[in-house]
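Work through the exercises below with the sequence and the structure at hand. Each task is followed by its solution.

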Amino acid sequence: MAAEQTGQSGPGGPGGALRTAPAQGPRGEQSRIHNIGYRHYDGPRLGRAYARRSLFVQSLRGAYGLGRSARSKVLPMLLFGVMVLPAAIIVAVAVTTDMNKLPVDYRRYAIVLQAVIALFLASQAPQAVSLDLRFKTVPLYFSRPIEHRDYVGAKYAALASALFLLTALPVTVLYVGALLGKLDFADQTKGFLLGLVSVALLSLLFAGIGLVVSAATPRRGFGVAAVIALLTIPFGAVSTVQAIAHESGNADAVPWLGLFSPITLIDGLQSAFLGAPSAFPGAAEPSAAGGAVYLLVVLGVIAGCYGILVRRYRKAGL
Amino acid sequence: MILTESLSKRFPRVTALDRLSMEIGPGVTGLVGANGAGKSTLIKILLGLSPATEGRAAVLGLDVATEGGAIRERVGYMPEHDCLPPDVSATEFVVHMARMSGLPPAAARERTADTLRHVGLYEERYRPMGGYSTGMKQRVKLAQALVHDPELVFLDEPTNGLDPVGRDDMLGLIRRVHTDFGISVLVTSHLLGELERTCDHVVVIDGGALLRSSSTTDFTQTTTTLAVEVTDTDAHPDGTGALREALAARGITAETGDGLPGAGHVLLFTAEGEETYDLVRDLVTDLGLGLVRMEQRRHHIAEVFRAEGTAETAAPAAADAVRPGPGTGPKEVAGHGG
């Protein structure tokens, strides 16, 4: 009797069954598991806001591979390292050589390292949404208290936060280094804060674009390729046309052309409003009116991405 | 539990639900209909995810149109299709889903361990789900629907893709969800036969309209059909035929169960009472045949519908007839012998 029960319920069962009869008794007594039956849950149910927050945390951790397989951690962590390392080197050099200003502006750092950000977005945006679509996990979310907006909001916020961490941390390293190097406090703090605003906008813009592209396809590979294409091809095209415009004497057109790729949008916006040096050919900066258009376009794209995502998931119900 | 009043759902091209009015009480209720009969649409509306074109519906006394969130907090849903990410373990996945239902982290973990154990997943719950068998995946899908201890679960085709043994396990598990866990169940299937042994009540819909709603005992208690299978011997190369003739001589007309698996080897006839069992035993002994099995076969719900001659039931009835396996409550009277 005892042996029979262990066989069903305890890991000691299979081993015990092979032993002689006297050995079975005590083993059986030790490893017997009592089925306590079904217990009802009468604890708190924390509702929509809690579920949304949980999804946000889970997605944010997921963007860095936390809570996922070891293999999933490699790329985001590597990119994170690549993003922070130059800042650390710059700071080390600046402090040891007693520079009176940092070699890279706070607002320029993310622009210079845009390829790293693009890779991070291309790898993590599909991870955030394509997998749920591909494995049809989405209906399980929507059969629970959370709604389409909650899902989209949590995913959007999570990816934007992941990008913000990626871009804000090196800027913070630069700032701490600048303070350690005893550079002018007020000057550096202003640059740092404006830099944070710049990367925050960049994070929102890029996360929106990445999610819209990724949510359009359940195939992760397509998502990765499409995000990279969307970030690099327009940038290449815009830079080329800007250079041509600059060389052919149409310098006025240069800032307007910047409206047509994500990274030049941020570039133009921050040179217009955040006092950043422009990276456009001839250091062309948008006029005040141009800057307003930049701001409208950036905010419009962010809002548009959110709207498209909500629409997309309204259809992707059960 | 569920109440609908002339509930309709029309899409531009099709009418998925057509003035459906019904009331479903506690217990296990089967929702039967052919593919495209409107089962999934009904579940979507009941979860408050898709507005009805007209009519109203309430789940647990909550209006689906206005209180969808409150309904979804107290209801579980197991979809028909695969919905499990392969690179995550069952434990991680179900914990996450528990939190999505609003359970605090500690409770989510505890309920996950409990629920996975109840559905029969043990050590394998720590492995990525990509390596699970279909039966194990179905169990995880059921677990995520039960993890927040709902009052009612919607199970959409839970036996899909399972082999006969897995199917029986799943049906037994569904039965336990009600008897042991006290959770009411609405389970859909396009197979009438498998619902009759699991459900207290069966609702049949076709073309989005209610065809019939009654308790399974109404369907199946009218008569007892006996199924008998015998061996052939040298004296009687066609043992089945010989027994059939012998029965006919005693005034019992036996059918060979056309259309069912094993047709030609099984005799079906109506049992009048205890004496019919004795008669079969005596006849088989006299003929010197081996009695392979003699079992009670309750009427399949399909046969009830077939008898009513409703044209619309033809599709589900046909689907049911193809399903292998004997009816419910097999009562093996004898093994090999005679």
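**Exercise 1.** Is the crossing of α10(A) and α14(A) left-handed or right-handed?

Solution. The model is predicted: local features need pLDDT of at least 70, side-chain atom pairs count only at pLDDT 80 or more, and totals for chains, interfaces and linings use all residues. Residues are numbered from 1 along each chain as its sequence is written, while chains are lettered from A and ligands numbered from 1 in the order in which they are written.

Step 1. Helices are DSSP runs of H or I with at least four residues, strands are runs of E with at least two, and both are numbered from the N terminus.

Step 2. Two packed helices are described by the angle between their axes and the distance between the axes. For α10 (residues 185-215) and α14 (residues 288-315) of chain A, the angle is about 35° and the axes are 9 Å apart. Axes are lines fitted to C-alpha atoms, for helices over the stretch in contact, and angles run from 0 to 180 degrees between N-to-C directions.

Step 3. The crossing of α10(A) and α14(A) is left-handed, a term for a near helix turned anticlockwise from the far one by less than a right angle; clockwise would be right-handed.

Step 4. The contact (C-beta atoms, placed from the backbone, within 7 Å) involves residues including Leu204(A) and Gly208(A) of α10(A), and Ile302(A) and Cys305(A) of α14(A).

**Exercise 2.** Compare the span of α6(B) with the expected value, then find where its buried residues lie.

Solution. Step 1. The expected span is 1.5 Å times one less than the number of residues. Helix α6(B), residues 164-179, has 16 residues and should span 22 Å; its end C-alpha atoms are 22 Å apart, which agrees.

Step 2. Arg167(B), Met170(B), Leu171(B), Ile174(B) and Val177(B) are buried. Buried requires 20 or more other C-beta atoms within 10 Å of the residue's own, exposed 12 or fewer, and partly exposed lies in between, with C-beta atoms placed from the backbone.

Step 3. Down the axis of α6(B), the buried residues fall within an arc of 110° , so they line one face of the helix. The arc is that of the directions from the helix axis to the C-beta atoms.

Step 4. On the other side of α6(B), Val165(B), Gly172(B) and Thr179(B) are exposed. Partners of the buried residues include β3 (28-32) and α5 (134-146) of chain B.

**Exercise 3.** Which residues of α5(A) are buried, and what covers them?

Solution. Step 1. Among the buried residues of α5(A) are Leu79(A), Met83(A) and Ile90(A).

Step 2. Their cover includes α4 (47-63) and α7 (114-134) of chain A.

Note on methods: Two residues are in contact if their C-beta atoms, placed from the backbone, lie within 7 Å.
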